[in-house]
Amino acid sequence: MMRRSMIMFFLGFKWYSFSDDFIDSEVRHVWKRMNSLIADDKLAFVPQLKKDGTVRYNRNGFTRGAPNLPKAKDGIVFLRGAGENSDSKNKPLVINGVQMYHQNIWIKGAFIAGELKKEEYL
């Protein structure tokens, strides 16, 4: 059996700054959506459903689901919960009565990769 070796080269660094247009459109849209959900008391826990429409449960018996904050399917910028462990009974953050993990703002990797392809190496 012939074995191929892979040679990797360090190509350099790239410098990227988000444009004001990106911040004003994508990021501001998510901020406004979050602000509206909280201020208008519309933040809710949305249970995850099976194909037959019944509620899904974790192994520990808790309902699977997430708050109705902007998700990856909604746009380039989105929120995703993160905790010290995955036990759903340890959700440290409560906003408007909705228990959740601390939320982090994410940007889709495909978007970042596409933007970096446009940049020259330093």
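**Entry 1: terms and model**

I begin with the term I will lean on most: a residue is buried when its relative accessible area is under 20%, exposed when that area is over 50%, and partly exposed in between. I also note at the outset that this is a predicted model, so every value below is computed from predicted atoms.

**Entry 2: overall layout**

I looked up the secondary structure and found two helices and six strands, which follow the pattern α-β-β-β-β-β-β-α when read along the sequence. The radius of gyration is 20 Å, well over the 14 Å that the globule rule gives for 122 residues, so I describe the protein as more spread out than a compact globule. The C-alpha trace spans about 50 × 50 × 30 Å along its principal axes.

I then asked what share of the 122 residues counts as buried, and the figure is 13%. The protein exposes about 10100 Å², of which carbon and sulfur atoms supply 55%. Among contacts between residues at least 6 apart in sequence, 57% join residues at least 24 apart.

**Entry 3: salt bridges**

How many salt bridges does the structure hold? I found two, and I took them one by one.

In one of them, D24 pairs with R28, and the closest N and O atoms are 3.0 Å apart. Both residues belong to helix α1, residues 20–39, and because they are four residues apart there, about one helical turn separates them. I checked how open each partner is: D24 has a relative accessible area of 45% and is therefore partly exposed, lying between the 20% and 50% limits, and R28, with 39%, is partly exposed as well.

The other salt bridge joins E115 and K118, again with 3.0 Å between the closest N and O atoms. These two residues are three apart in helix α2, residues 109–118, so they too are separated by about one helical turn. Here the partners fall into separate classes of accessibility: E115 is buried at 16%, whereas K118 is exposed at 60%.

**Entry 4: a lysine in a loop**

I next looked up K91, which lies in the loop between β3 (77–82) and β4 (93–95). Is K91 buried or exposed? Its relative accessibility is 15%, so K91 counts as buried. Leaving aside neighbours within four places in sequence, I find K91 in contact with F45, Q99, M100 and Y101.

**Entry 5: the nonpolar core**

In soluble globular proteins, nonpolar side chains tend to be buried together. I therefore searched for the largest nonpolar core, and found that it has nine residues: F22, V30, L37, L43, L69, V77, L79, V98 and M100. The elements that give two or more residues to this core are α1, β3 and β5 (98–100), and the largest share, three residues, comes from α1. M100, a member of this core, is also one of the contacts of K91.

I followed two core members further. V30 is in contact with P70, V77 and L79, once its neighbours within four places in sequence are left aside.

V77 is placed in strand β3 and counts as buried, at 4% relative accessibility. Which residues does V77 touch, not counting those up to four places away in sequence? I list F22, E26, V27, V30, I105, W106 and I107. For one of these contacts I also looked up the separation: V77 and E26 are 51 residues apart in sequence, yet their C-alpha atoms are 6.3 Å apart in space.

**Entry 6: aromatic pairs**

My last search, over the whole structure, was for aromatic pairs, and it finds four. The rings of F10 and F13 have centres 5.4 Å apart and planes at 75 degrees, so this pair is edge-to-face; F10 and F13 are both exposed. The rings of Y16 and F18 have centres 5.3 Å apart and planes at 90 degrees, so this pair is edge-to-face too. Y16 is partly exposed at 23%, and F18 is partly exposed at 34%.

Finally, I note that ring pairs link Y16, F18, F22 and F111 into a cluster. F22 ties several of my entries together: F22 belongs to the nonpolar core, F22 is touched by V77, and F22 is part of this ring cluster.

How values were computed:
Residues are numbered from 1 along each chain as its sequence is written. This is a predicted model: local features need pLDDT of at least 70, side-chain atom pairs count only at pLDDT 80 or more; totals for chains, interfaces and linings use all residues. Side-chain values use heavy atoms; hydrogens and water are left out. A salt bridge is a side-chain nitrogen of Lys or Arg within 4 Å of a carboxyl oxygen of Asp or Glu. Buried means under 20% relative accessible area, exposed over 50%, partly exposed in between (1.4 Å probe, protein chains only). Contact means heavy atoms within 4.5 Å. A nonpolar core is a set of buried Ala, Val, Leu, Ile, Met, Phe, Trp, Tyr and Cys residues joined through side-chain atoms within 4.5 Å. The radius of gyration is taken over C-alpha atoms; the globule rule is 2.2 Å times the number of residues to the power 0.38. Accessible areas come from the Shrake-Rupley method with a 1.4 Å probe; for residues, only the protein chains shown count as cover. Rings of Phe, Tyr and Trp (its six-membered ring) pair if their centres lie within 6.5 Å; planes under 30 degrees apart count as stacked, over 60 as edge-to-face and the rest as tilted.
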